[in-house]
Amino acid sequence: MRLSRSPVEPGSTVNARTLSAVSGDEVAVPDPGRLVHLQFRRFAGCPVCNLHLRSVIRRHGEIEAAGVREVVVFHSPAGELSPHTTDLPFAVVADPTRRLYTEFGVERSPRALLSPRAWGPIVRAVLSGVREVARGRERLPSTSPHGGRLGLPADFLIAPGGRVLAAKYGEHVYDQWSVDELLELAATTPRTPRTNPAAR
């Protein structure tokens, strides 16, 4: 399923807004003093999302030291997200009506799960997720998640003035910037927009 809104490209300007995080904190996007890495994930407890977010958690100190604030959006209601986000060191935003997804042109598609490039990460995510749930570190997702299972990820790097410096729209469920790619973009992307090779 494609959305009617066109993708947000480098050079676009994001209107200033304040988002409410699941924690109750208010999150300014853009941030007046830092870059914002706005990433769109899928549903609460999504094993593939958790696999990626664990890498972000492990290196969150490096990300903050690079002057980047993480803001992660899910299409689940806050009530579903809360049990999954209590220990996360960054802002998590619930968008069950998909208002932000539509504004940023973030899609849903069967290729999220059907692309052969997604199968390896899906297997790793499920195996890792079972281990983390058994250790009490994570919770199982709903068997019928709000918004379905076909969401695609997307990443945006936003300057303090609201300019989109780089963007990536995932082609499958595990197609997003790695932490290394994010740090490289933060270090090398001028504070004026540029198209990066990973962007679509």
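**Exercise 1.** Determine how many bridges join strand 6 to strand 7, and which way the two strands run.

*Solution.* Strand 6 covers residues 154–158, and 5 bridges join it to strand 7 in an antiparallel run. Strands here are DSSP runs of E with at least two residues and helices are runs of H or I with at least four, numbered from the N terminus. Two strands pair if DSSP finds at least two bridges between them. Within this pair, L157 stands opposite A166 of strand 7.

The model is predicted: local features need pLDDT of at least 70, side-chain atom pairs count only at pLDDT 80 or more, and totals for chains, interfaces and linings use all residues. Residues are numbered from 1 along each chain as its sequence is written, and side-chain values use heavy atoms, with hydrogens and water left out.

**Exercise 2.** Give the strand order of the open sheet and explain why strands 5 and 7 stand at its edges.

*Solution.* Step one: the sheet has 5 strands in the order 5-4-3-6-7, with mixed pairing. Step two: strand 5 (91–94) and strand 7 (164–169) each have a single partner strand, so each has one side without a neighbour in the sheet. Step three: from one strand to the next, the twist averages 15°. Angles run from 0 to 180 degrees between N-to-C directions, and axes are lines fitted to C-alpha atoms, for helices over the stretch in contact.

Helix 3 (residues 78–85) lies across strand 4 (68–74) and strand 5, at about 160° to strand 5.

**Exercise 3.** Decide whether helix 1 is mostly covered or uncovered, and compare its reach with the expected span.

*Solution.* Helix 1 takes in residues 47–58, and 9 of its 12 residues are buried, where buried means under 20% relative accessible area with a 1.4 Å probe, protein chains only. Among them are V48, L51, H52 and R54. From first C-alpha to last, helix 1 reaches 17 Å, close to the 16 Å expected at 1.5 Å a residue; the expected span is 1.5 Å times one less than the number of residues.

**Exercise 4.** Identify the residues with the most contacts inside the largest nonpolar core, and the element giving its largest share.

*Solution.* A nonpolar core is a set of buried Ala, Val, Leu, Ile, Met, Phe, Trp, Tyr and Cys residues joined through side-chain atoms within 4.5 Å. The largest one has 27 residues, and L35, I63, F74 and L157 have the most contacts inside it. Helix 7 gives the largest share, 5 residues. The residues that F74 touches (heavy atoms within 4.5 Å) include C49, L53 and L81.

Conventions. Buried < 20%, exposed > 50% of the residue type's maximum accessible area, 1.4 Å probe, protein only. Lists of a residue's contacts leave out its neighbours within four places in sequence.
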